[in-house]
Amino acid sequence: MNEPLVTLQGLTLAFGPQTVLRNLDWRVARGQVIGLLGRNGAGKTSLLEALLGLRLPQAGEALLFGEPARSPSDDVRARIGYVPQQAELFEDLSAPQLLDYFASFYPRWNGAKVQQLLARWEIPLTQRIGSLSGGQQQRLSIIRALAHEPELLILDEPVAALDPLARRDFLRELVEQVLERATTVVFSTHILADLERVAAEVAFL
């Protein structure tokens, strides 16, 4: 139980001649809520993608729940929630169809929470996802990430596409429901006000 959920060891990531992360060591302990702060282009998204095994580093290693992030087991995948900066959804499906599809992959899925958030955030249930606004798609991406009640939640600028009222609503949801479960959260942003609402600790990149 005391093992860090995330461990980065000597992580180095480069794009051609440009090194974005150099020999980075970082540990995220169970129950931590960390705001990852940095200007646009500082490498926040690259760091989170490397942490999740979505981008392979040139050197070093990333571990999730003690397993290599580049090849996590199904059990580890089921314990992680991820909201990317740009919603990645199946545009030809409706919101209920999309969520039903993802529910089939998770042993734990809170259908009541899904219905509550769909109603609260006024997500159209019959329209194609591709016809929804950018903010609506991002809300749907957030619902998908919260529905299986993950132990580790990775959020990459999750509210950048939302209006101020929707941002406050999402952050309140994060505080009231996610943090009460002692979920470990890494929340990337360049907006200080968002960190003040949520983060217990801040990491600067």
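Let us start inside the fold, at strand 3: Val33, Gly35 and Leu37 point one way from this strand, Ile34 and Leu36 point the other way, and all are buried. Keep in mind as you look that this is a predicted model. Five of the five residues of strand 3 are buried, so the strand is largely enclosed by the rest of the structure.

What runs alongside strand 3? On one side there is strand 8, residues 184–189, which pairs with strand 3 (residues 33–37) in the parallel sense over five bridges. Two of the residues we have just met help to place this pairing: the bridge partner of Gly35 in strand 8 is Phe187, and that of Leu37 is Thr189. Strand 9 is a partner too, running parallel to strand 3 and joined to it by four bridges. Gly35 takes part here as well, with Val202 as its bridge partner in strand 9.

Now step back to the sheet that holds these strands. It is an open sheet of five strands with parallel pairing, and the order is 6-7-8-3-9. Its edge strands are strand 6 (80–83) and strand 9 (201–204), each of which pairs on one side only. Between neighbouring strands of this sheet the turn is 15 degrees on average, with direction ignored. Helix 1 packs on the sheet, where it touches strand 3, strand 6, strand 7 (152–156) and strand 8, and the direction of the helix makes about 150 degrees with that of strand 7. Helix 5 packs on the sheet as well, touching strand 6 and strand 7, with a direction about 175 degrees from that of strand 6.

Helix 5 covers residues 134–146, and Gln136 is one of its residues. Is Gln136 buried or exposed? Its relative accessibility is 19%, and under 20% is the range for buried, so Gln136 counts as buried. Setting aside residues up to four places away in sequence, Gln136 touches Glu122, Ile123 and Pro124. A polar atom of the Gln136 side chain also lies 3.0 Å from the backbone nitrogen of Ser133.

There is a second sheet to visit. This open sheet has four strands in the order 2-1-4-5, and here the pairing is antiparallel. Strand 2 (18–28) and strand 5 (67–68) are the edge strands, each pairing on one side only. Seven bridges link strand 1 (residues 6–15) with strand 2 in the antiparallel sense, and across this pairing Leu8 stands opposite Trp26 in strand 2. Helix 1, residues 44–51, packs on this sheet too, touching strand 1, strand 2 and strand 4 (59–64), and its direction makes about 125 degrees with that of strand 1.

With helix 1 packing on the four-stranded sheet and on the five-stranded one, it deserves a look of its own. How many of its eight residues are buried? The count is seven, and the helix is mostly covered. The buried residues are Lys44, Ser46, Leu47, Leu48, Glu49, Ala50 and Leu51. Just after the helix, Gly53 takes a positive phi of about 80 degrees.

Leu47 makes a good viewpoint within helix 1. At 2% relative accessibility, Leu47 counts as buried. Leaving aside neighbours within four places in sequence, Leu47 is in contact with Leu8, Leu11, Leu21, Leu24, Trp26, Leu36 and Leu205. Among these contacts are residues from earlier in our tour: Leu8 and Trp26, which face each other across strands 1 and 2, and Leu36, which points from strand 3 on the side shared with Ile34. Further along the chain, Pro57 is 10 residues from Leu47, and the C-alpha atoms of the two are separated by 9.7 Å.

Finally, consider the whole protein, with its seven helices and nine strands. Its radius of gyration is 17 Å, close to the 17 Å that the globule rule gives for 205 residues, so the protein is as compact as a globular protein of that length. The C-alpha atoms fill a box of roughly 50 × 35 × 35 Å along the principal axes. Of the 205 residues, 50% count as buried. Among contacts with a separation of 6 or more, 69% are between residues 24 or more positions apart. The protein exposes about 10000 Å², of which carbon and sulfur atoms supply 48%.

Methods:
Residues numbered from 1 in each chain as written. Predicted model: local features only at pLDDT ≥ 70, side-chain atom pairs only at ≥ 80, totals over all residues. Heavy atoms only, no water. Pairing = 2+ DSSP bridges. Contact = heavy atoms within 4.5 Å. Axes fitted to C-alpha atoms, helices over the stretch in contact; angles between N-to-C directions. Buried < 20%, exposed > 50% of the residue type's maximum accessible area, 1.4 Å probe, protein only. Polar contact = N/O pair within 3.5 Å; in protein donor to acceptor, adjacent residues only side chain to side chain. Rg over C-alpha atoms; globule rule 2.2 N^0.38 Å. Areas by Shrake-Rupley, 256 points an atom, 1.4 Å probe, with all protein chains shown as cover.
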